[in-house]
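Visitor: Please show me the model, and then let me ask how its labels are justified.

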Amino acid sequence: MTKRVLITGGAGFIGSNFVHHWCKNHEGRAVVLDILGYAGNKENLAGLEGQDRFRLVKGDICDSQLVAALLAEEEIDTVIHFAAESHVDRSILGPAAFVQTNVVGTFTLLEAFRDRWQTQGKPADYRFLHVSTDEVYGSLEADGPAFTETTPYAPNSPYSASKAGSDHLARAYFHTYGMPTLITNCSNNYGPYQFPEKLIPLMCLNILLGKPLPVYGDGQNVRDWLHVSDHCAAIDGVLHQANPGDVYNIGGNNQVKNIDIVHQLCDLMGELAGDLPQPPRELITFVTDRPGHDRRYAMDIAKIQRELGWSPAYDFATGLRQTVEWYLNHRDWWQPLLSDEYKGYYDRLYGDR
Ligand code: NAD
Ligand code: TYD
């Protein structure tokens, strides 16, 4: 059956990549609900506005009246929930917004969807897919085994704690009400449309602008990087193949130290960017570590590989090169984002360290 989906946070990095993926691969109505905050950008959805099947609604997931009205008016049967405050550093500076959007916002959506699902007679094909992170599992030792779906939660930042809270609510709605929720926990994404305060785009832009490349601590922290297209394909697979109540880890089988990524980006930019203000590696600056900085994340993806047949398709060298090329070819996308709010955030970040 053709689905009528509500995609929250669909103007952000992963959400917008998913909306493009969805509209390319599926029929049916696609409604985006996004507050269009600093990380939400209409430009990420360019080319879709004007299509009958697509609608962008500017609004807050914490607004219960708006959410209920939208679910009813658009006859939504599927929610894919990306909307969140998503940046660990911002959560350290101001955790309140993270509790509000990530916990209260997710609760508001779950309640509205429960009401709709119940009043429609609990249709078996309704789904609420909650998109979450590997950060809920806490931090791994340098050589310990990767996170599995049964690793106990141990979040260390206000961001990951708020995501953990929202995961628990999604889980509880399945166990308590039988509501068909699904949860995906994914590792670090990279690719087009990522807001330039996250590691990879930040380094690319700072190299272009001749600004310092701030590497936190000793640069030996490890993340498991996945191309955003692979994440979108995995979510699609979970939505269509998983059983209600299921949880899947998603990752790239691709553990890389931060300093190694920064070196790779310096070399790619040196090769692809033309004249630069300064040799990129000279810009590397080790700065005071992030408080509570998780040492290592790594995802065991055996379950999704075995049960749903999904595996990451991108290799990191190719994906990183394409991402660098994308930022080089889309100055008109990122230049307007370097706003006063963006600069103010950096003043606060480094003022506090
Ligand atoms: P993002 O910050 O780029 O996008 C988040 C979007 O949500 C933005 O468009 C923003 O405007 C919107 N939003 C924020 N508050 C809102 C509110 N109250 N109401 C409506 N919309 C609101 O984040 P992202 O990197 O695309 O992450 C998307 C989801 O994926 C998040 O739930 C995040 O926790 C999860 N995730 C991200 C990564 C990653 O590496 N980026 C990895 C795993 C999971
Ligand atoms: P980030 O992109 O913020 O993702 P997350 O904290 O969710 O993993 O950061 C990725 C890694 O890079 C993380 O270990 C922190 C580090 N980092 C830096 O060293 N310098 C930076 O300027 C940023 C933004 C991140």
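Guide: Helix H6 (199-209) and strand S8 (213-216) each supply at least two residues of the shell around ligand 2; helices (H or I, at least four residues) and strands (E, at least two) are DSSP runs, numbered from the N terminus. This is a predicted model, where local features need pLDDT of at least 70 and side-chain atom pairs pLDDT 80 or more, while totals for chains, interfaces and linings use all residues. Residues are numbered from 1 along each chain as its sequence is written, ligands are numbered from 1 in the order in which they are written, and side-chain values use heavy atoms, without hydrogens and water.

Visitor: What makes a residue count as near ligand 2?

Guide: One of its heavy atoms must lie within 4 Å of the ligand. 17 residues surround ligand 2, and Glu 135, Pro 214, Arg 223, Arg 290 and His 293 are the closest.

Visitor: Why is the pair between ligand 2 and the side chain of Glu 135 called a polar contact?

Guide: A polar contact is a pair of N or O atoms within 3.5 Å. An oxygen atom of ligand 2 is 2.5 Å from an N or O atom in the Glu 135 side chain, so the pair qualifies.

Visitor: Why is Lys 122 called partly exposed?

Guide: Buried means under 20% relative accessible area, exposed over 50%, and partly exposed in between (1.4 Å probe, protein chains only). Lys 122 has 45%, so it is partly exposed.

Visitor: What makes Asn 253 exposed?

Guide: Its relative accessible area is 54%, so Asn 253 falls in the exposed class. Asn 253 also has a positive phi of about 50° although it is not a glycine.

Notes:
Polar contact = N/O pair within 3.5 Å; in protein donor to acceptor, adjacent residues only side chain to side chain.
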